[in-house]
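Work through these exercises with the structure open beside you. Try each task before you read its solution.

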Amino acid sequence: MIKQYPGQFVTLEGPEGAGKTTQVKLLSKYLDTLGHRHVVTRDPGGTALGRQIRRILLNPETPVNPVTELLLYEADRAQHVSEVIVPALKAGILVLCDRYTDSTLAYQGYGRELDFKLILELNEIATGGLTPDLTILFDIDSSMGLARLHPSGHDRLEREALAFHQKVRQGYLNLAEQEPERWRIIDATRPLSLVQEDLRKLLAEKLSLPELVES
Ligand code: Z5A
């Protein structure tokens with residue numbers, strides 16, 4: 001892994017309902033109490049332009065071809081990396097990003113079965129080769145994750161069949177296995193407080209932030 005900027009870059013990944021968003025909020029509050037500078041952001045929708053793209057992407061009423069979908073995620077990402085992520089990393093700030101390039105490999109690659117080489121190339125173009133220092137997989141069985149979501153509010157991806165979500169989950173496990181240095185896996189089926197404890201421990205170890213673990 002090549003260290004490109006003074007700030008540290010952590011991405012949170014996982015299938016539907018794994019609890020990433022809840023956990024990153026809890027972590028952010030804790031970092032605030034420690035006075036540790038950080039940015040919490042998300043993919044898609046981390047910029048003003050990205051929020052417009054996100055609305056199109058997740059709207060179940062508008063048909064979107066799989067390649068169009070892929071290009072929209074990558075367009076969002078190119079803006080997000082240049083406008084939010086890289087400036088924060090250059091300023092030495094910790095960036096916590098809810099989903100990133102691995103989501104595209106998991107959902108559009110393993111889920112939609114688009115060409116991996118194409119996705120890798122587009123990921124490279126959109127990010128300029130920016131790779132996370134640490135990627136945390138919040139792993140959960142697909143039925144359990146989907147059961148956590150609100151029944152009335154399902155977006156385009158959440159409406160996919162269980163088999164699609166199972167391919168996504170298995171895809172994540174494959175990705176983590178291929179790059180064990182960068183990935184860490186958390187069992188996201190456990191209670192919130194235990195998952196948060198694991199998350200802090202992993203960050204403390206991998207990013208040399210001992211203050212994240214209470215003595
Ligand atoms: N996508 C893609 O296809 N390609 C890409 O390149 C990218 C994304 C970047 C973005 O949706 C969608 O875009 C996403 C992938 C796709 N698929 N979908 N749909 P999003 O940004 O709206 O949301 P998400 O990232 O998919 O969120 P999520 O998976 O639905 O949820 P989460 O962030 O992992 O979980 P949560 O919101 O924190 O929690 C979900 C519920 O579970 C909530 O009611 C919590 O209170 C509950 N929860 C959380 N943790 C626990 C525990 N430990 N126990 C019990 N209940 C819990």
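**Exercise 1: Where the ligand sits**

The ligand sits in the largest pocket. Keep in mind that this is a predicted model.

Task: Find how many residues surround the ligand, and which are the closest.

Solution. Step 1: count the shell. It holds 27 residues. Step 2: pick out the closest. These are Lys-20, Thr-21, Thr-22, Arg-54 and Thr-104. Step 3: sort the shell by residue type. It divides into 10 nonpolar, 7 polar and 10 charged residues.

**Exercise 2: Helices around the ligand**

Task: Name the helix that gives the most residues to the shell around the ligand.

Solution. Step 1: list the candidates. α1 (20-34), α2 (48-58), α3 (66-90) and α4 (101-111) each supply at least two shell residues. Step 2: choose among them. α4 gives the most, with 4 residues.

**Exercise 3: Polar contacts**

Task: Find which ligand atom type pairs with Gly-19, with Thr-21 and with Gln-108.

Solution. Step 1: take Gly-19. One of its backbone N or O atoms lies 2.9 Å from a ligand oxygen. Step 2: take Thr-21. A polar side-chain atom of Thr-21 is 2.3 Å from an oxygen of the ligand. Step 3: take Gln-108. Here a side-chain N or O atom is 2.8 Å from a ligand nitrogen. Step 4: add the cover. Alone, the ligand exposes 1,100 Å², and the protein buries 81% of that.

**Exercise 4: A salt bridge**

Task: Explain why the salt bridge between Asp-43 and Arg-77 ties together parts apart in sequence.

Solution. Step 1: check the pair. The two side chains of Asp-43 and Arg-77 meet at 2.9 Å, N to O. Step 2: place both ends. Asp-43 lies in the loop between β2 (38-42) and α2, and Arg-77 lies in helix α3, so the pair links parts 34 residues apart in sequence.

Key: Residues are numbered from 1 along each chain as its sequence is written. This is a predicted model: local features need pLDDT of at least 70, side-chain atom pairs count only at pLDDT 80 or more; totals for chains, interfaces and linings use all residues. Side-chain values use heavy atoms; hydrogens and water are left out. A residue is near a molecule or strand if one of its heavy atoms lies within 4 Å of it. A polar contact is a pair of N or O atoms within 3.5 Å; within protein, one must be able to donate a hydrogen and the other to accept it, and residues adjacent in sequence count only if both atoms are side-chain atoms. Accessible areas come from the Shrake-Rupley method with a 1.4 Å probe; for residues, only the protein chains shown count as cover. On a 1 Å grid over the protein atoms alone, a cavity is a set of points where a 1.4 Å probe fits but cannot get out, and a pocket is an open set with protein on both sides within 12 Å along at least five of seven lines; lining residues have an atom within 4 Å of a point. A molecule sits in a cavity or pocket if more than half of its atoms lie within 2 Å of its grid points. Ala, Val, Leu, Ile, Met, Phe, Trp, Tyr, Cys and Pro count as nonpolar, Asp, Glu, Lys and Arg as charged, and the others, Gly among them, as polar. A salt bridge is a side-chain nitrogen of Lys or Arg within 4 Å of a carboxyl oxygen of Asp or Glu.
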